[in-house]
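Trainee: Got a minute? I'd like to go through this one with you before I set anything up.
Mentor: Sure, pull it up and ask away.

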Amino acid sequence: MAAVPLPQHQNDSWYLSLLGLAESFRTANPPKIKLCIHCLESIFQFNPPPGIEARTHLQLGSLLFTHTKNTDLARSHLEKAWLLTQSVPAGFDDVRYEAAAILANLYYKHQNQIQLAKSLLRKAISTSQPAPYWHFRLLFQLAQIHAWEGDNISACELLGHGAESAAMAGAYYTSVGWSSHQTNTRIMFMLSKAMLLLMDKKFHEVHPLLALCNSMLESWTGHPTHRETLRVFLLVLQVTNFLMVGQVKSVKPYLKQLQQSIQTITALHTDDEPPPSHPADLFQWLPKEHMCVLVYLVTVMHSMQAGYMDKAQKYTDKALMQIEKLKILDSSPILSTFQLMLLEHIIMCRLVMGQQSIAVQEISQACHVCHEQPKLFVTHGAQLHTLLGLYAMSMGCLDSAEGQLNAALRIMSNTMAASRLASSSQGRPQTESRLSQQPELWMFTSLNLAIVYLRSGKNQQLLSLLERINPDTYPSSSHAMTAAGYYIRGLQSFFQERYHEAKRYLRETLKMSNAEDLNRLTSCSLVLLGHIFLSLGNSRESMNMVLPAMQLASKIPDVDIQMWSAHLLKDLYHMMGDPIRAGEGGQMHYNFSQQQMNERFRSSQQIEHNLIQWIDGQCPMHLAVTDGPSHSGTIL
């Protein structure tokens, strides 16, 4: 509770004394919140002026909301503060709008009164233009609620209004080289809008917006920390854009710039920053420590897509260690989201490297993270079932894999239906459903389910599924998913011994995967082409495919492709009359097979392995019992 301007009258010493005593109790170690509340409540006995009464209600409501579970009493104080400020003279804007912000947060997060929260914020926004900081803060808060509810259209409209208001307000970090329509706050609103457009795959709207933000940042000569913070936000969106569409090679220069920017920020001394020259410039995208974790995360995402599993593991370890340190003093939910996303990616890397026993422990960790933050079960439930499906595939448990992958698709389908219903009831276009944000997950899950059906011989289910994931009929916005779709068609043709058709699909996959350095898809396609040429009796062409497949798989490393390649090399060298190399290939295949057999047995003995039986409802936490390592068949 900071010192506040008081009305000039002769009896204000009682207020200063009580306020000072309350503040001493609040800042005590440990804080004496109960005594602080008693001091503030005593103020009402002196019949304070309406402005002081409103501020005291705000202070009490804020303390109760932050330090107790008595949300009803907190709400009562905050509502009184809001109502009192409607009739007080100028000078109490901060009380009015802070009360609105905290009260809306209480309505939304703790009492599920969403419409009441929105209505309150709209009313506050309508009168807050003379107070730019609060106007912008309330716009961000209302936009965030709309985004949480899946109404990105309304959220983008609010952010667009915020950008226009910021330009008119002339919110500066510094006045050097800047005009009133080029502001930090405006860029913050624009980048936030671009983030939501990116989530909705509206790439045609995202690209010009990011280009404009980049141009504004290039011409800005403000303080380096402020500029680099916004540049990190911009580059994160640009990198994410490329990764969402599977352009792993094209993203490299942007990822390098992002890594350089975060290094620049960590090297700068924030104590030397000049204070903002305008109150609206107090907004910060993310704390520096959170930005570092986020840069690690997008680096892990790139490494996994590009097939650099060792690099992904290295940066996952760094990020998870950083999160552990931050969580000691920081309870921000975004850290749990970062932790979960890191686990999701490193789990897929473990499965590629043949480390099932570690992967299933990390799936257990992911379940614990969701248990600590229940909302993550809603947003990441499909991902958890997909990961369990991939794990079951790698263990050869095809029935369980089928159940898990179908459970993931069912969750996505239910989410789509619920979002469409909500959109219809609120008069929004149904194309803006929350599921529209996850088409790549749906495609990824479906493609792996197609592999399960192929391996299980379930041709009817396979044909029905392939109609929905045919890259020629339903092209994905993701380069990687389209290339993977052609691989699945090639694999199906191989199983049906339609070798020439299989070669056509696989060559398309190779062309696309080579263009964007999708190394896993390249190695998968090469080894399958090698198998096809061997089946056709063309040992020379087969060898030309299998050797580079083995080299690339060793570099990733991908145990399944290495084992498959070793088996083909054994047969090829035998056909060529080279018993020594055939024996080496056979020994290599045996070693990989034994390694995988031992790993599967070790993993199957862990209690977490039983998670593959969970296909509905809440996660059975009694099966996710171990903490696991805190650092860190063919699956796509």
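Mentor: One thing before we count: helices here are DSSP runs of H or I with at least four residues, and strands are E runs of at least two. Also keep in mind that this is a predicted model.
Trainee: OK, so how many helices and strands are there in the protein?
Mentor: The count is 26 helices and zero strands.
Trainee: And how much of the protein is buried?
Mentor: Of its 636 residues, 56% count as buried. The exposed area comes to about 27,800 Å², with carbon and sulfur atoms supplying 54% of that.
Trainee: Let's pick a helix. What about H3, how far does it reach?
Mentor: H3 covers residues 50-67, which is 18 residues. From first C-alpha to last it reaches 26 Å, close to the 26 Å expected at 1.5 Å a residue.
Trainee: Is H3 mostly covered or mostly open?
Mentor: Mostly covered, with 13 of its 18 residues buried.
Trainee: Switching topic: how many disulfides does the structure hold?
Mentor: Zero.
Trainee: Then why is there no bond between Cys-619 and Cys-367?
Mentor: Because the sulfur of Cys-619 is 3.4 Å from the one in Cys-367, its closest cysteine sulfur, and that is too far for a bond. The cut-off for a disulfide is 2.5 Å between the sulfurs.
Trainee: Is Cys-619 buried or exposed?
Mentor: Buried, because its relative accessibility is 7% and anything under 20% falls in that class. Cys-213 is buried too, at 0%.
Trainee: Now Arg-498. Where does it sit?
Mentor: Arg-498 is in the loop between helix H21 (479-495) and helix H22 (499-515). With a relative accessible area of 34%, Arg-498 is partly exposed.
Trainee: What does the side chain of Arg-498 make a polar contact with?
Mentor: With the side chain of Glu-501, at 2.5 Å. Further along the sequence, Ile-532 is 34 residues from Arg-498, and their C-alphas are 9.6 Å apart in space.
Trainee: Last topic, confidence. What's the mean pLDDT of the protein?
Mentor: It's 87, and 88% of the residues reach 70 or more. Over residues 430-436, though, the pLDDT is below 50, and that stretch has 19 contacts in the model beyond near neighbours in sequence.
Trainee: What about residues 628-636?
Mentor: pLDDT stays under 50 there as well, and the model has 49 contacts for residues 628-636 beyond four places in sequence. Where pLDDT is low, the predicted coordinates shouldn't be read in detail.

Key. Residues numbered from 1 in each chain as written. Predicted model: local features only at pLDDT ≥ 70, side-chain atom pairs only at ≥ 80, totals over all residues. Heavy atoms only, no water. Buried < 20%, exposed > 50% of the residue type's maximum accessible area, 1.4 Å probe, protein only. Expected span 1.5 Å × (residues − 1). pLDDT = per-residue confidence, 0-100. Contact = heavy atoms within 4.5 Å. Polar contact = N/O pair within 3.5 Å; in protein donor to acceptor, adjacent residues only side chain to side chain. Areas by Shrake-Rupley, 256 points an atom, 1.4 Å probe, with all protein chains shown as cover.
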